[in-house]
Amino acid sequence: FTVLAIESSADDTCAAVVTSDRQILSNVVVRQDSFHESYGGIHPYIAIEAHQQNMPGAVQKALQVAGMSATDVDGIAFTRGPGIGGCLSVGSNAAKTLAAALNKPLVGVHHMQAHALTPFLTTPANSLPTYPFLTLLVSGGHTLLLLATSPRAFRVLATTLDESIGRAFDKVSRMLALPWSAHGPGAALEQFCRDGPAGGTGAPGGEEIGSGEPAEAPHIPLPMRGRLAFSYTGLHSSVERFLHARGGVVDARTKHAIATTFQKNAVGQLEEKLALGLQLCRRKGIQIRHVVVSGGVASNSYLRERLRICLDEASPDEHIALIFPPPSLCTDNAVMIAWASMHRFLAGDTDDYTVELRRKWSIEELDPSAPAILD
Ligand code: ATP
Ligand code: FE
């Protein structure tokens with residue numbers, strides 16, 4: 001079964017062709033980050049306009065690269081939500097019109113479910129995650145710790161009380177005016193932490209430019225300690241206050257110390273909540289063998305290292321496998337949308353051409369009958 005999928009929930013216009021035997025025939029991502037830099041986030045009108053401009057070309061290219069014409073495709077999938085309404089509607093209209101004109105079945109996909117199921121496509125067949133597993137979805141709009149008991153049954157163990165980890169990365173990266181990266185401001189911050197203040201020309205780790213005292217950095221307390229909840233506004237406001245107190249001007253070493261302190265604390269929160277989630281599952285007699293981490297921030301390699309260490313410390317006796325999609329499939333793409341639609345196409349569980357968008361859509365609603373885990 002071959003699916004043509006369309007994704008347009010935020011600022012990237014994506015189209016892809018994927019088959020039920022796990023082949024990615026094409027993966028087109030048209031990024032529009034640079035338009036939004038000066039605005040300090042995604043500007044909805046600009047994003048909608050860009051989707052309108054880029055969508056036809058993205059679909060055409062996805063088919064071309066796959067070596068197919070639209071009539072060869074067996075089904076059309078699109079992101080139904082959650083996301084920016086106007087952006088979602090560009091992808092949804094394209095998908096519905098294609099499906100209707102070609103007389104093909106249609107499936108509307110939950111964007112976060114798609115992030116969570118990506119590893120079933122990208123992990124070798126002999127090491128796929130097994131249910132139940134824990135999943136951390138860390139992205140531009142979400143910070144979620146979930147228990148997954150089937151491809152559509154997810155229960156929220158922890159979510160953010162304010163902002164997402166991805167937005168905090170973006171804001172701190174902009175506050176520090178870090179060099180532009182093709183992968184966005186969050187990736188620029190990771191790169192700066194790795195390269196050091198001298199921009200990759202210094203010693204490994206980059207700490208030492210000159211010598212002497214360690215550089216100053218803001219003190220960032222770990223919020224919500226001991227509770228199954230995330231909070232990220234405190235992190236970037238600590239950085240903002242620290243910079244403000246110094247007139248907004250700091251030297252490269254201080255900038256680097258701020259960036260590494262922020263990254264350590266942002267990821268530290270994920271470590272603590274993951275350990276708490278594992279404890280909760282153990283108390284409830286739920287045996288977890290896999291932890292899946294996905295969403296844009298999961299492409300961060302410091303995060304990948306730290307979560308491995310965290311799992312080894314949290315459950316030294318049971319080896320829990322930690323699974324990440326490759327970095328390019330952690331950020332938004334239509335491959336994951338195609339893959340998340342596949343089980344529904346194969347089961348004949350398709351949507352009407354009139355299916356409505358869900359700008360806000362809790363992942364728990366996909367299977368309301370799944371048992372609660374939090375009392
Ligand atoms: P959502 O999936 O919640 O709807 P989104 O689709 O906008 O949000 P993604 O594309 O999944 O988000 O992820 C984008 C986020 O990931 C951005 O906030 C970006 O800064 C962050 N990000 C990308 N690469 C890295 C990295 N290497 N380190 C830290 N953050 C990163
Ligand atoms: Fe996303």
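Student: Which elements do the buried residues of H3 pack against?
Tutor: This is a predicted model, so keep that in mind throughout. In H3, the buried residues are Cys 87, Leu 88, Val 90, Gly 91, Ser 92, Ala 94, Ala 95, Lys 96 and Ala 99. Their packing partners are strand S1 (2–7), helix H2 (44–66), strand S4 (75–81) and strand S5 (106–110).

Student: Is Ala 94 buried or exposed?
Tutor: Ala 94 sits in helix H3 (residues 85–102). There are 22 other C-beta atoms within 10 Å of Ala 94, and the cut-off for burial is 20 or more. So Ala 94 comes out as buried.

Student: Which residues does Ala 94 touch, leaving out those up to four places away in sequence?
Tutor: Start with Met 55, which is 39 residues from Ala 94 along the chain, while their C-alpha atoms are separated by 7.9 Å. Met 55 is indeed among the residues touched by Ala 94. The full set is Ile 6, Met 55 and Val 59.

Student: How far apart are the end C-alpha atoms of H3?
Tutor: H3 has 18 residues, and at 1.5 Å a residue it should span 26 Å. The distance in the model agrees with that expectation. The end C-alpha atoms of H3 are apart by 25 Å.

Student: What is the phi of the residue that follows H3?
Tutor: The residue after H3 is Asn 103, in the loop between H3 and S5. Asn 103 counts as exposed because it has 7 C-beta neighbours inside 10 Å. Its phi is positive although the residue is not glycine, with a value near 60°.

Student: Where is Met 224?
Tutor: Met 224 is a non-glycine residue with a positive phi, about 60°. It has 17 C-beta neighbours inside 10 Å, so it counts as partly exposed. Its place is in the loop between H7 and helix H8 (233–245).

Student: Back at the other side of H3, what is omega for the cis peptide bond between Gly 81 and Pro 82?
Tutor: Pro 82 is in the loop between S4 and H3. The bond that joins Gly 81 to Pro 82 is cis. Its omega is about -15°.

Student: And what is omega for the peptide bond from Tyr 131 to Pro 132?
Tutor: Here Pro 132 lies in the loop between helix H5 (119–122) and strand S6 (133–138). The bond from Tyr 131 to Pro 132 is cis too. Its omega is near -5°.

Student: Is Tyr 45 buried or exposed?
Tutor: Tyr 45 belongs to helix H2. Its C-alpha atom is separated by 8.0 Å from that of Gly 86, which lies 41 residues away along the chain. Still, with 8 other C-beta atoms within 10 Å and the exposed class running to 12 or fewer, Tyr 45 is exposed.

Student: How many residues of H6 are buried?
Tutor: The buried ones include Ile 165, Gly 166, Arg 167 and Phe 169. They are covered by elements including S6, strand S7 (143–150), H7, H8 and H9. H6 is mostly covered, and of its 11 residues the buried ones number 10.

Student: Which elements give two or more residues to the shell around ligand 1?
Tutor: The shell holds 26 residues, and the closest are Gly 140, Gly 141, Gly 166, Gly 186 and Gly 296. The elements that give two or more residues to it are helix H4 (111–117), helix H6 (165–175) and helix H7 (185–195).

Student: How many residues in that shell around ligand 1 are charged?
Tutor: Sorting the shell by class gives five nonpolar and 17 polar residues. Glycine goes with the polar class in this scheme. The charged residues number four.

Student: At what angle do the axes of H7 and H9 cross?
Tutor: The contact involves Leu 189, Glu 190, Phe 192 and Cys 193 of H7, with His 256, Ala 259, Thr 260 and Gln 263 of H9. By class that is four nonpolar, three polar and one charged. The crossing is left-handed, and the axes come within 9 Å, crossing at roughly 115°.

Student: How far apart are the end C-alpha atoms of helix H9?
Tutor: H9 covers residues 252–283, and its 32 residues should span 46 Å at 1.5 Å a residue. The model agrees, with the end C-alpha atoms apart by 47 Å.

Conventions:
Residues are numbered from 1 along each chain as its sequence is written. Chains are lettered from A and ligands numbered from 1 in the order in which they are written. This is a predicted model: local features need pLDDT of at least 70, side-chain atom pairs count only at pLDDT 80 or more; totals for chains, interfaces and linings use all residues. Helices (H or I, at least four residues) and strands (E, at least two) are DSSP runs, numbered from the N terminus. The expected span of a helix is 1.5 Å times one less than its number of residues. A residue is near a molecule or strand if its C-beta atom, placed from the backbone, lies within 6 Å of it. Two residues are in contact if their C-beta atoms, placed from the backbone, lie within 7 Å. Axes are lines fitted to C-alpha atoms, for helices over the stretch in contact, and angles run from 0 to 180 degrees between N-to-C directions. A crossing is left-handed if the near helix is turned anticlockwise from the far one by less than a right angle, and right-handed if clockwise.
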